[in-house]
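The following account leads the reader through a single protein model, from one loop to the helices and then to the sheet. Please keep the sequence and the coordinates in view while reading.

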Amino acid sequence: MTADLATDVFEQHRPLLMGVAYRMLGRVADAEDVVQDAWLRWYQADRTDVREPRAYLVRITTRLAIDRLRQVQSRGEAYVGQWLPEPYPTEFADTAPDSADRAVLADTVSLAVLVVLESLSPLERAVFVLREAFGYPFAEIATMLDRAEPAVRQLAGRARRHVAEGRPRYEVDPARRRDLTERFLAAAAGGDLEGLLSLLAPDVRLVGDSGGKAKAPLRVLHTADKVGRFLVGAARSGRADLSFRPVEVNGGPALLILSGDKPDSLFQVDIADGRITAVYIMRNPDKLRHLADR
């Protein structure tokens with residue numbers, strides 16, 4: 001395989017590798033670093049005996065992501081306030097034309113699921129991502145991770161149970177999410193408390209992530225009344241230089257708020273039974289920087 005062909009092969013699989021790395025890490029910059037490391041290893045490797053480049057590249061990327069995740073966990077860095085994954089731009093129509101496939105990809109990259117994945121061990125997370133998001137057979141996952149297949153099945157079972165216990169129920173239909181998101185954002189921007197309360201589930205929660213670098217609640221807010229009043233207060237104290245842009249991140253509609261041409265905040269909601277069950281507000285500027293050109 002020539003160097004040019006090796007480059008073409010890697011670029012063909014880059015979206016898949018980025019999808020694996022991001023789901024493993026929940027951090028865009030770390031995922032990009034892992035994919036770049038995978039490229040260097042691929043380019044420098046003896047590719048003579050590589051019969052299945054896709055499997056080879058996914059194996060390299062997964063192992064690098066496991067190593068990076070272990071490093072992050074071992075550092076045990078303190079985070080100010082609530083932690084949310086970095087928003088990840090997603091356009092699944094090209095990579096998954098089938099609506100069922102898009103639903104699976106959107107679910108496994110959602111903020112709700114990624115938060116739960118943070119509590120898994122690196123190996124459990126790798127098995128869950130490869131199996132649930134990308135449908136790899138257990139035998140192939142075992143080869144990728146250099147583990148026996150029965151051990152991989154046990155890891156998958158533990159990870160699936162843990163995610164099922166921690167994952168909140170929410171609607172994944174994009175049209176319904178988009179409609180309710182637009183109505184919610186209109187009510188929030190207009191300071192319409194009554195309108196917000198009609199959209200919020202009684203036990204709704206609001207999670208803000210600022211990393212201590214912007215204003216956002218340090219604790220999770222619970223109940224429709226508290227969440228609604230917070231949003232109305234935020235709207236009334238808003239700045240005049242803000243503009244709004246609809247985007248798709250983590251498999252669902254969201255609203256990017258810009259101050260001038262710089263991302264200021266990102267809003268996304270989860271819904272179930274026609275009501276909003278969770279509101280996510282990302283305000284950490286480090287996690288919004290890569291959305292500037294969206």
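**From a loop to the helices and the sheet**

D146 is situated in the loop that links helix 8 and helix 9. The model is a predicted one, and in it the phi angle of D146 is near 60 degrees, a positive value in a residue other than glycine. Is D146 buried or exposed? Its relative accessibility is 60%, and because exposed residues are those over 50%, D146 counts as exposed.

Beyond this loop comes helix 9, which covers residues 149-166. Its 18 residues reach 26 Å from the first C-alpha to the last, close to the 26 Å expected at 1.5 Å a residue. The buried residues of helix 9 are V152, L155, A156, G157, A159 and V163. An α-helix has 3.6 residues a turn, so residues three or four places apart point the same way. What covers the buried residues of helix 9? The cover includes helix 6 (111-117), helix 7 (122-133) and helix 8 (138-145).

Helix 7 also holds F128. With a relative accessibility of 6%, F128 counts as buried, since the limit for that class is under 20%. Leaving aside residues up to four places away in sequence, F128 touches V113, L117, A133, A159, R160 and V163. Two of these contacts, A159 and V163, are among the buried residues of helix 9. F128 can also be placed relative to R23: the two are 105 residues apart in sequence, and their C-alpha atoms are 9.7 Å apart in space.

R23 leads to the contact between helix 7 and helix 1, the latter formed by residues 3-25. The axes of these two helices come within 9 Å and cross at roughly 135 degrees. This angle makes helix 1 oblique to helix 7, because it falls outside the ranges that count as roughly parallel, antiparallel or perpendicular. The crossing of helix 1 past helix 7 is right-handed. Helix 1 contributes V20, R23, M24 and L25 to the contact, and helix 7 contributes P122, R125, A126, V129, L130 and A133.

The sheet is the next subject. Six strands form an open sheet of mixed pairing, in the order 2-1-6-5-4-3. Which strands lie at its edges? They are strand 2 (221-222) and strand 3, each of which pairs on one side only. Helix 12 (residues 224-236) packs on the sheet and touches strand 1, strand 2, strand 5 and strand 6. The direction of helix 12 makes about 50 degrees with that of strand 1. Helix 10 (residues 174-189) lies across strand 1 (200-209), strand 4, strand 5 (262-272) and strand 6 (275-282), and runs at about 120 degrees to strand 5.

Within the sheet, strand 3 (residues 242-249) and strand 4 (residues 252-259) pair in the antiparallel sense over eight bridges. L242 stands opposite S259 of strand 4, while E248 has P253 as its bridge partner in that strand. The hairpin of strand 3 and strand 4 has two residues between the strands, and N250 there takes a positive phi near 50 degrees.

A further positive phi occurs at D273, about 55 degrees, although this residue is not a glycine. D273 lies in the loop between strand 5 and strand 6. At 61% relative accessibility, D273 counts as exposed.

Terms used:
Residues are numbered from 1 along each chain as its sequence is written. This is a predicted model: local features need pLDDT of at least 70, side-chain atom pairs count only at pLDDT 80 or more; totals for chains, interfaces and linings use all residues. Side-chain values use heavy atoms; hydrogens and water are left out. Two strands pair if DSSP finds at least two bridges between them. Helices (H or I, at least four residues) and strands (E, at least two) are DSSP runs, numbered from the N terminus. The expected span of a helix is 1.5 Å times one less than its number of residues. Buried means under 20% relative accessible area, exposed over 50%, partly exposed in between (1.4 Å probe, protein chains only). Contact means heavy atoms within 4.5 Å. Axes are lines fitted to C-alpha atoms, for helices over the stretch in contact, and angles run from 0 to 180 degrees between N-to-C directions. Angles under 35 degrees count as roughly parallel, over 145 as roughly antiparallel, 65 to 115 as roughly perpendicular and the rest as oblique. A crossing is left-handed if the near helix is turned anticlockwise from the far one by less than a right angle, and right-handed if clockwise.
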